[in-house]
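Work through the exercises below with the coordinates open. Each task is followed by a solution in steps.

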Amino acid sequence: MQTELHESLRKGVRELCARFPDPYWRELDAQRAYPTAFVKTLTEAGYLAALIPEEYGGAGLHITEAAIILEEINRAGCNSGACHAQMYIMGTLLRHGNVEQKRRYLPKIANGELRLQAFGVSEPTTGSDTTQLKTMAVRKGDKYVVNGQKVWISRAEHSDLMLMIARTTPVEQVKKRSEGLSVLLVDMREAVGHGIAIRPIRTMMNHATTELFIDDLEVPVENLIGEEGKGFKYLLDGLNAERILIAAECIGDGRWFVERATRYAKERVVFGRPIGQNQGIQFPIAKAHVHVESADLMRIRAAELFDNGQPCGPEANMAKLLAADASWEAANMAVQTFGGFGFAEEYDVERKFRETRLYQVAPVSTNLILSFIAEHVLGLPRSY
Ligand SMILES: Cc1cc2nc3c(=O)[nH]c(=O)nc-3n(C[C@H](O)[C@H](O)[C@H](O)COP(=O)(O)OP(=O)(O)OC[C@H]3O[C@@H](n4cnc5c(N)ncnc54)[C@H](O)[C@@H]3O)c2cc1C
């Protein structure tokens with residue numbers, strides 16, 4: 001349901017994004033550089049503090065509104081990937097952090113003094129099988145000493161804090177492999193060069209992702225989030241929010257592709273008429289539009305359930321799958337509609353095409369969502 005708040009949020013984000021037009025993103029993309037000015041402006045305007053409660057200096061909004069912010073960023077041709085993690089990892093600190101941790105970090109995150117943009121889960125040898133991760137945190141007095149390796153840790157060079165998952169009890173000593181993992185808040189300002197070495201990974205799109213080598217990193221015990229050994233549960237707790245927010249980004253991308261393709265199809269004249277007059281061009285645009293709008297309904301439903309505190313695992317997962325598929329279909333459609341110009345950097349279609357491709361794989365791959373639906377919704381046998 002649209003409300004005045006939603007409309008004003010959309011308008012505000014659109015106006016802010018208009019200050020960062022296509023050439024800004026094109027230039028950064030060519031250099032694989034981080035959009036520091038964009039993220040700073042977004043933070044100063046308070047948008048990245050949407051989910052932080054008002055008592056800690058945030059806007060105290062819900063996932064529905066946070067999703068609208070990310071959707072509008074992508075719809076404007078910008079890229080939420082530069083800053084979305086702050087929205088979805090915030091929940092771990094909010095739900096499981098103690099009062100002291102919240103007082104210490106949240107107001108500074110809200111006002112932009114601290115950036116919480118990095119989330120350290122993935123590892124080179126474990127892939128999607130998170131419970132097998134190898135990074136070990138061993139308690140020694142009032143510190144954890146951490147050793148291991150992480151991969152695909154995005155924005156690590158542009159974040160002051162990182163939420164990291166490490167094993168605190170060896171896998172052979174736990175009853176269930178999901179036990180014995182813990183969440184640590186790592187202060188990157190101290191850690192880099194003193195236990196963490198960062199190696200950037202150049203990818204097909206501009207994503208500031210990196211590999212982390214962790215060697216005797218010391219993390220104060222007071223930076224443990226929640227209880228030791230419950231980290232996997234905390235991770236799962238945050239996944240529905242993540243799925244909904246990512247779905248919204250995909251919807252934003254999908255609308256961007258449909259809008260750009262529609263405009264181009266009206267303007268581009270070949271054989272003496274606009275290409276959009278040909279059904280071979282207009283049907284794929286119409287179909288992409290239908291799929292984006294249908295995915296949006298599932299995302300709205302999932303967000304409503306989430307905000308009402310109701311279970312929404314199936315809806316959040318379905319929303320992410322439908323939206324990622326819809327944005328990818330729209331991306332393909334847009335390249336086809338633009339013909340040769342779909343491949344030219346100056347039209348931005350190829351950039352957005354590369355960016356939206358990621359959602360099929362990260363933060364969760366489509367196969368893993370289908371496995372979730374098959375097993376947990378349909379009751380089919382567990383496949384892994
Ligand atoms: C640009 C980028 C940024 C990222 N940012 C972060 C980040 O900030 N923090 C972080 O922790 N991680 C991050 N990731 C990691 C991301 O979450 C993983 O890439 C993703 O979860 C998939 O894991 P994997 O790459 O190891 O693939 P794998 O687990 O090796 O899987 C490879 C393929 O096999 C399929 N597959 C695996 N097992 C099964 C199965 N049982 N059934 C069917 N299919 C299966 C997968 O779906 C996938 O298509 C990022 C990744 C990328 C590419």
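**Exercise 1. Backbone outliers**

Locate Pro363 among the secondary-structure elements and state which peptide bond joins Ala362 and Pro363.

Solution. Pro363 is found in the loop between α11 (349–357) and α12; helices here are DSSP runs of H or I with at least four residues, strands are runs of E with at least two, and both are numbered from the N terminus. The bond joining Ala362 and Pro363 is cis, with omega about 5°. This is a predicted model, in which local features need pLDDT of at least 70 and side-chain atom pairs count only at pLDDT 80 or more, while totals for chains, interfaces and linings use all residues. Residues are numbered from 1 along each chain as its sequence is written.

Next, find where Ala208 lies and decide whether Ala208 is buried or exposed.

Solution. Ala208 lies in the loop between β6 (196–200) and β7 (210–220). Its phi is near 50°, a positive value in a residue other than glycine. Ala208 counts as buried because it has 23 C-beta neighbours inside 10 Å; the cut-offs are 20 or more other C-beta atoms within 10 Å for buried, 12 or fewer for exposed, and partly exposed in between, with C-beta atoms placed from the backbone. Asp348, in the loop between α10 (313–338) and α11, also has a positive phi, about 70°. Asp348 is buried, since 21 other C-beta atoms lie within 10 Å. As a reference point, most residues other than glycine have a negative phi, and most peptide bonds are trans.

**Exercise 2. Strand β4**

Determine how β4 pairs with β1 and with β5, and how many of its residues are buried.

Solution. Start with pairing, which requires at least two DSSP bridges between two strands. β1 and β4 pair in the parallel sense over four bridges, and Leu116 has Leu161 as its bridge partner in β4. On β5 (residues 181–187) the pairing with β4 is antiparallel, over seven bridges, and Leu161 stands opposite Asp187. Then take burial: seven of the seven residues of β4 (residues 161–167) are buried. In a regular strand the side chains alternate between the two faces of the sheet. Leu161, Leu163, Ile165 and Arg167 point one way, Met162, Met164 and Ala166 the other way, and all are buried.

**Exercise 3. The ligand shell**

Where does the ligand lie relative to domain 2 and domain 3, and which residues come nearest?

Solution. First, the domains: the protein is divided into domain 1 (4–115), domain 2 (118–229) and domain 3 (233–377), with bounds from an automatic or database domain assignment. Domain 2 and domain 3 both give residues to the shell around the ligand, so the ligand lies between them. Second, the residues: 23 surround the ligand, and Val121, Gly127, Ser128, Trp152 and Ser365 come nearest; a residue is near if its C-beta atom, placed from the backbone, lies within 6 Å. Third, the elements: β1 (116–120) and α12 (366–377) each supply at least two shell residues, and α12 gives the largest share, three residues. Last, the classes: the shell has eleven nonpolar, twelve polar and no charged residues, where Ala, Val, Leu, Ile, Met, Phe, Trp, Tyr, Cys and Pro count as nonpolar, Asp, Glu, Lys and Arg as charged, and the others, Gly among them, as polar.
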